[in-house]
Amino acid sequence: MDPSTGSGRGLPATTPLLLEIDLTVVPADPPAGDPLARLAARGRAQRGPLLRALHEAGDDRRVVGLVAKVGGTLPWALAQELRLGVAAFAASGKPTVAWAESFGQGGSDLPAYVLASAFDEVWLQPSGDLNLLGVALETTFLRGALDKLGVEPELEGRYEYKNAVDRITRTELTPAHRESLERLSGSLLERAVADVAAGRGLDAATVRTLVDTGPRTADEARRVGLVDRLGYRDEVYASVRERVGERATLLFADRWRPRRLPSVPSLPGRPRGHVALVEVQGGIVTGASRRGPVGRSVGSDTVAADLRAVLDDDAARALVLHVDSPGGSSVASDTIWREVCRVRDAGKPVIVSMGSYAASGGYYVACPADVVVALPSTLTGSIGVFGGKFVVTELLDRLGLTTGAVEQGARSRMYSSRRPFTAEERERIDVVLDTVYEDFTSRVAQGRGLSREAVEQVARGRVWTGADAYGVGLVDELGGLRDAVRIARERADLPERAPVRPARHVPPLARLGRPRNSEDPRVVTTALPRLDELAAVLGLPPGSELRMPTLTFR
């Protein structure tokens, strides 16, 4: 293998570059404002630079081709976004080759193979398998375990499709839950079949038959047209070099940088400026964004401050809100929603780009945007709410623990886990949940330009794929983050190469200091989440939650 070549800038201009990617490991996507996360991601491909290379390096005369190792588990949305990038690179006419040791980890390998099908040529190691097995969704129900522990869930949801409640309060699928999962898996498979058919030059019916009759050995996969050639890594690279030339120097794609070009002055009358980028990644909570062992929480204080910075920055001509969140606190989601509305009402175009998830609270903050862009597999919608508590009296009794209490106020122990709700308290819970649901659906109707009746047809807690959400009016366009940026530039009348910048930039060392006030861009992060956040991550949230159910892809 060739030695490291950095970014390629230190090489003579005539040195050809063969870009390579290892997609057996999910590319890192650390938040711009989290230096510790960026440090932890060292050694992995970086998602942003990788996508940039796929979309732009094809126009670089130094770059002669692309070779990628694939296989293993990739998130559906990421595989689709990378596939768009591979298609953009392939449009240059330069060779693209994908190779895998095996697609042998079960149905979870399907996104990786769908991505591979976008390359001109697909290789498979002779000892490998191709498990093109379709899509299955599994939900683990907690109710039986809670019964054994002596824990009684007292949760209410709005409405029958809000399956986050079902996995806690039930032991099996309800008809509505099954209907939702069947459509989710069906939509994912339909898109996968269409993509494979287009990439491999097969008709959709043939691909569907191949899915239903797998898995296949490497030789069988070659004979039915799912792969082109069988061979090992050295044979793959030797073949590529025969096509692009032996002088080509290997360079990881995310290390590629475009050659610096002289800046072009803006046309007369055309505004200068940039597109501001704000990230909503993780479960939505009140307070500052935090990082912990169970995942990242995105805080309403942090995101709201980012959005206020966009509002106050005259050079920020448009906003791209990148949402990759299953939801969370209804109050925190509402706080972010308000600031998104303020940016939009100030006349700055607001474009939302959805990642793997933009569900429940994630969709709540997205719905006021001028344009909503989703990937075909983005899990979105879940317009609903749930809340309540867990009663652990029986568990405490089994442990020999007793409770003594005094209370001042008839409902001071309403949310105590030591006793169930009274009938009157349940009525109040219903009022709160109905109010949150009413607000949620009203804001979706207003933001999406739909009638309340139309929203009700697609709400009730149901989760949609991006492709289906597009069909029912919850999404405007199908595409990735770069598509959202393109639309933002167009809406703001910015040049095609107008920069994209984080809403706020703080040097890493400055983040160690204490913020001076609520507008200070420094972000406070903690090593551990608060207890209420931990409960939310585990799917056991107190209060009102806008959160989608946990799904396992098989």
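**A walk through the predicted model**

Let's start at one spot: Leu-124 sits opposite Leu-230 of strand S9. Keep in mind that what you're looking at is a predicted model. Leu-124 takes us into strand S4, residues 121-124, which pairs with S9 in the parallel sense over two bridges. Zoom out a little and you'll find an open sheet of six strands, paired in parallel, in the order S9-S4-S3-S2-S1-S10. Its edges are strand S9 (229-230) and strand S10 (249-252), each of which pairs on one side only. As a general reminder, strands of a sheet pair through backbone hydrogen bonds, either parallel or antiparallel.

Now look for helix H3, residues 76-90. H3 lies across strand S1 (17-22), strand S2 (63-70) and strand S3 (96-100), and runs at about 150° to S2. The largest nonpolar core has 52 residues, and those touching the most other members are Leu-19, Ile-21, Leu-82, Phe-103, Leu-110, Leu-130 and Trp-256. Leaving aside residues up to four places away in sequence, Ile-21 touches Leu-50, Leu-54, Leu-66, Val-67, Ala-68, Lys-69 and Ala-253. Apart from that largest core lies another one, of 50 residues, with Leu-307, Phe-421, Val-444 and Ala-459 among them.

For parallel's opposite, head to strand S20, residues 385-391. Strand S7 (residues 152-158) pairs with S20 in the antiparallel sense over seven bridges, and Glu-156 has Gly-387 as its bridge partner there. S20 is mostly covered, with seven of its seven residues buried. Val-385, Gly-387, Lys-389 and Val-391 point one way from S20, while Phe-386, Gly-388 and Phe-390 point the other way, and all are buried.

A few backbone oddities deserve a stop. Most residues other than glycine have a negative phi, and most peptide bonds are trans. Arg-158 and Tyr-159 are joined by a cis peptide bond, with omega about 0°; Tyr-159 sits in the loop between S7 and helix H6 (163-169). Another cis bond runs from Gly-214 to Pro-215, with omega near 0°, and Pro-215 is in the loop between helix H8 (204-212) and strand S8 (216-217).

As for phi, Ser-360 has a positive value of about 55° although it isn't a glycine. Ser-360 is found in the loop between strand S17 (350-359) and helix H13 (361-366), and counts as buried because its relative accessible area is 0%, under the 20% cut-off. Asp-493 also has a positive phi of about 55° without being a glycine. Asp-493 lies in the loop between helix H18 (481-491) and strand S23 (500-502), and with a relative accessible area of 40% it is partly exposed.

Ala-198, in helix H7 (residues 175-200), counts as exposed because its relative accessibility is 62%, over the 50% cut-off. Its C-alpha atom is separated by 8.3 Å from that of Ser-117, though the two residues are 81 apart along the chain.

Stepping back, the chain has 19 helices and 25 strands, and 53% of its 554 residues count as buried. Of the contacts with a separation of 6 or more, 78% come from residues 24 or more positions apart.

How far does the confidence reach? The mean pLDDT is 88, and 84% of residues reach 70 or more. Over residues 1-6 the pLDDT is below 50, and that stretch has 14 contacts in the model beyond near neighbours in sequence. Residues 526-543 are also below 50, with 34 such contacts.

Key:
Residues numbered from 1 in each chain as written. Predicted model: local features only at pLDDT ≥ 70, side-chain atom pairs only at ≥ 80, totals over all residues. Heavy atoms only, no water. Helix = DSSP H or I, 4+ residues; strand = E, 2+ residues; numbered from the N terminus. Buried < 20%, exposed > 50% of the residue type's maximum accessible area, 1.4 Å probe, protein only. Contact = heavy atoms within 4.5 Å. Pairing = 2+ DSSP bridges. Axes fitted to C-alpha atoms, helices over the stretch in contact; angles between N-to-C directions. Core = buried A, V, L, I, M, F, W, Y, C linked by side-chain atoms within 4.5 Å. pLDDT = per-residue confidence, 0-100.
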